[in-house]
Amino acid sequence: MIPKAIWGNTGTLKKILDEICEANDIHHIDPSDYRILAREIRRRLVRTVSSTGGHLSASLGVVELTIALHLVLTFPEDKLVWDVGHQSYVHKILTGRDEEMFTLRQLGGLSGFPDVRESDADAFSVGHSSTSISAALGLAKARDLRGTEEKVFAVIGDGALSGGMAYEAMNNAVEAKTGLVIVLNDNTMSIAPNVGGMSNYLGQIRSDRRYRNLKLRVEEALDRVPTVGIPLADKIRKTKDSLKHLLLPGMLFEDMGLTYIGPIDGHDIEAMKEAFEAASSMNDETVLVHVITKKGKGYKPAEEKPDLFHGIGAFDIRTGEPLDSGEDSPITYTDVFSAWLEDRGEIHDDLVSVCAAMPDGTGVTAFAEKYPDRAFDVGIAEEHAVTFAAGMAAGGLRPVVSIYSTFLQRAYDQMLHDVCNASYPVIFAVDRSGIVGHDGRTHQGVFDLSYLIPMPGMTVISPMDGEELVSALDYAYECETGPVAIRYPRGTAYRYSPDEDEFLSTDRADFLRGKAEVLSEGREAVIFAVGDMVKTALAVRDELEAEMVRVTVVNMRFVKPFDEEIVRELAGKHTVVATLEDNVLTGGFGESVGAFLQREGIQVKGFLNLALPDEFIPHGSAEELYGVYGLDAKNVADTIREMYHRVR
């Protein structure tokens, strides 16, 4: 039994959520039951995420907001576009997916984000920030050109407004002159802190269609009065605008040409429903409805620590504490990077940190606390982060840009044009490379080698373990020839122990530019492995050794420039030559090696480019997904064995 201290007094045994089996069933719920429904949804969210992990605090904060949206919209005819989609769990529940919530983020189950493949009630697949207004505007224009009448709503958080794409979209929306409603979900009150009786009163007036129509009629009537009318109307407009700047919130949006409604209590369903209905009636305008919500609302641990519950693994409902084995927390690659940054920051005054709204996730918090004048969190603005860093490098500093692999791809042009073109010595700490697991298609870091390798002057390093990550970072700091990108995976840092490896014939090689490291020597097959896949290659070696298929394992270290000399030397000596990487096939390391062998005229009996297919990788645990795509040790060993016996 869940204690009342967590949930509060349940008040009734009535199960309203059982009445919602498919999209639009909420329209049949009695308004007096909305509060009960909200409470039941919060229970479902906490119980689900406590076992599956996920983005809890964001969804808890938008329960009433989502209910209000569903009361105004009809699915799938109307279109609701979520920004990022962290907060879409309630939408999934209200569109008939409640019974599948236990599969959330599990292999073959529901996605943790809106996905058009999952439900026709999901208008647009998302996972990255600041995109909803652009997508919704496109849907609105498509509606206009088709001559249909569906409503189009975009929901965007206040944090996502730090992304420039949102402003580009709002600017275009004003010119588009189409009916579009933008719902600003403000859960930190960072835009309009003065929330109170006057603000709510003014928001109600501005959402009242009679008031709006009265303003238009007065202005139109004055315009028709000869000589006096137009100047007087202009004066009234100017006076009105001055008063608005003095008294009304949201003038930033009004000045852009949007119609602003709010701020509104984001937990008052009736107030939001009324505002959304009024906003959707303004057929030729883009309307921004500003709602104030509380992140984590309804579950005390999430209210107290919303950041912890933003993205959390399985946890104990009673305490809110993450579930673990009881052992000490393992050291992650992010921890290794964090320690390096803090330590080297004390030595090098020119070392500065740049991140894009994820200081904790990328491990720069400790450095920022110790050296606040040298740490810069630019918000959800990856493009700006990269060019900002380029400017600091041009000014003589040594910036480290810490961004997840999946988000760094948003700054491709800035890396190419603003960093590589001038060979600025920017260090890119590319966290979450390879398969990251449960966040799925939009978050897997499986494209970074493909977008980094073609960049002229970009050095790309993929260390095999935590110790090598430190060596790579030290190399990058000392490198004067241009930018260096160091990619490393999510999770526990692998620790290779040469003293325990009976196959290692020599001491570990020094970390030198473009030089690989031979970890074991065989005669039948050679695996040129990249980064996190080196430990897989070592496991493959151990498995095949028992069958007298002896494997040479090479830790490539550098993906660009890779060690051509060692590839040239070893490729011709082995029956099977394999490359192994956690990147898609096209544009990856294996293609680079294959092209090199062809250019050099090196003939091999069997060549295997072992990589991920050119696909978006779905959600599931990393272990499951590597197995599904044949990149776990067993499958790789089977593939090499089959090739060896076929071509020897």
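**Why we call it that: buried arginines, cores and a cavity**

Biologist: Why does Arg-432 count as buried?

Modeller: Its relative accessibility is 15%, and the word buried applies under 20%, so Arg-432 counts as buried. Bear in mind that this is a predicted model. Arg-432 sits in strand 9, residues 427–433.

Biologist: What makes the phi of Arg-432 worth a remark?

Modeller: Phi is near 60 degrees there, a positive value in a residue other than glycine. Most residues other than glycine have a negative phi. Ser-130 is another case, with phi near 70 degrees. Ser-130 belongs to the loop between helix 5 and helix 6 (132–146).

Biologist: And how do you know whether Ser-130 is buried or exposed?

Modeller: The relative accessible area of Ser-130 is 2%. The limit for buried is under 20%, so Ser-130 is buried.

Biologist: Back to arginines. What makes Arg-97 a buried residue?

Modeller: A relative accessible area of 3%, set against a limit of under 20%, so Arg-97 is buried. You'll find Arg-97 in helix 5, residues 89–97.

Biologist: Which side chain does the side chain of Arg-97 make a polar contact with, and what earns that name?

Modeller: The partner is the side chain of Thr-95, at 2.9 Å. A polar contact needs N or O atoms within 3.5 Å, so the pair of Arg-97 and Thr-95 at 2.9 Å fits. Leaving aside neighbours within four places in sequence, Arg-97 is in contact with His-91, Lys-92, Leu-110, Glu-118, Ser-119, Ala-121 and Asp-122.

Biologist: Why is helix 4 described as largely enclosed by the rest of the structure?

Modeller: Helix 4 covers residues 63–72, and 10 of its 10 residues are buried, so the description holds. Among the buried ones are Val-63, Glu-64, Ile-67, His-70 and Val-72.

Biologist: Which residues have the most contacts inside the largest nonpolar core?

Modeller: Ile-41, Ile-67, Phe-276 and Val-289, in a core of 56 residues. Helix 2 (residues 34–52) gives the largest share, eight residues. Apart from this core lies another one, of 49 residues, including Val-419, Tyr-451, Ala-516 and Val-577.

Biologist: What makes a group of residues a nonpolar core in the first place?

Modeller: Members must be buried, must come from a set of residue types that includes Val, Ile and Phe, and must be joined through side-chain atoms within 4.5 Å. Take Ile-41: beyond its neighbours within four places in sequence, it is in contact with Leu-17, Val-63, Ile-67, Val-90, Ile-93 and Leu-94.

Biologist: Why is Val-593 called buried?

Modeller: Its relative accessible area is 0%, against a limit of under 20%, so Val-593 is buried. Val-593 lies in helix 24, residues 589–600. Its contacts, leaving aside neighbours within four places in sequence, are Phe-562, Val-567, Thr-579 and Phe-607. Val-593 and Val-559 are 34 residues apart in sequence and 9.8 Å apart in space, C-alpha to C-alpha.

Biologist: How do you know that the bond between Lys-560 and Pro-561 is cis?

Modeller: Omega is about -5 degrees, and the bond is cis. Most peptide bonds are trans. Pro-561 is in the loop between strand 15 (558–560) and helix 23 (564–571). A cis bond also joins Phe-75 and Pro-76, with omega about 5 degrees, and Pro-76 lies in the loop between helix 4 and strand 1 (79–82).

Biologist: How many cavities of 30 Å³ or more does the structure hold, and what makes a space a cavity?

Modeller: One. A 1.4 Å probe has to fit and be unable to get out. The largest cavity has about 30 Å³ of space. Its lining is Ala-356, Met-358, Thr-362, Glu-382, Ser-402, Ile-403, Tyr-404 and Phe-407. Strand 8 (residues 398–404) gives the most to that lining, with three residues.

Biologist: And the whole protein: what share of it counts as buried?

Modeller: 55% of the 648 residues. The secondary structure comes to 26 helices and 17 strands. About 27,700 Å² is exposed, with carbon and sulfur atoms supplying 51% of it. Of contacts with a separation of 6 or more, 75% are between residues 24 or more positions apart.

Definitions and conventions:
Residues numbered from 1 in each chain as written. Predicted model: local features only at pLDDT ≥ 70, side-chain atom pairs only at ≥ 80, totals over all residues. Heavy atoms only, no water. Buried < 20%, exposed > 50% of the residue type's maximum accessible area, 1.4 Å probe, protein only. Helix = DSSP H or I, 4+ residues; strand = E, 2+ residues; numbered from the N terminus. Contact = heavy atoms within 4.5 Å. Areas by Shrake-Rupley, 256 points an atom, 1.4 Å probe, with all protein chains shown as cover. Polar contact = N/O pair within 3.5 Å; in protein donor to acceptor, adjacent residues only side chain to side chain. 1 Å grid on protein atoms, 1.4 Å probe; cavity = no way out; pocket = protein on both sides within 12 Å on 5 of 7 lines; lining within 4 Å. Points joined across faces, edges and corners; volume = space filled by probe spheres on them.
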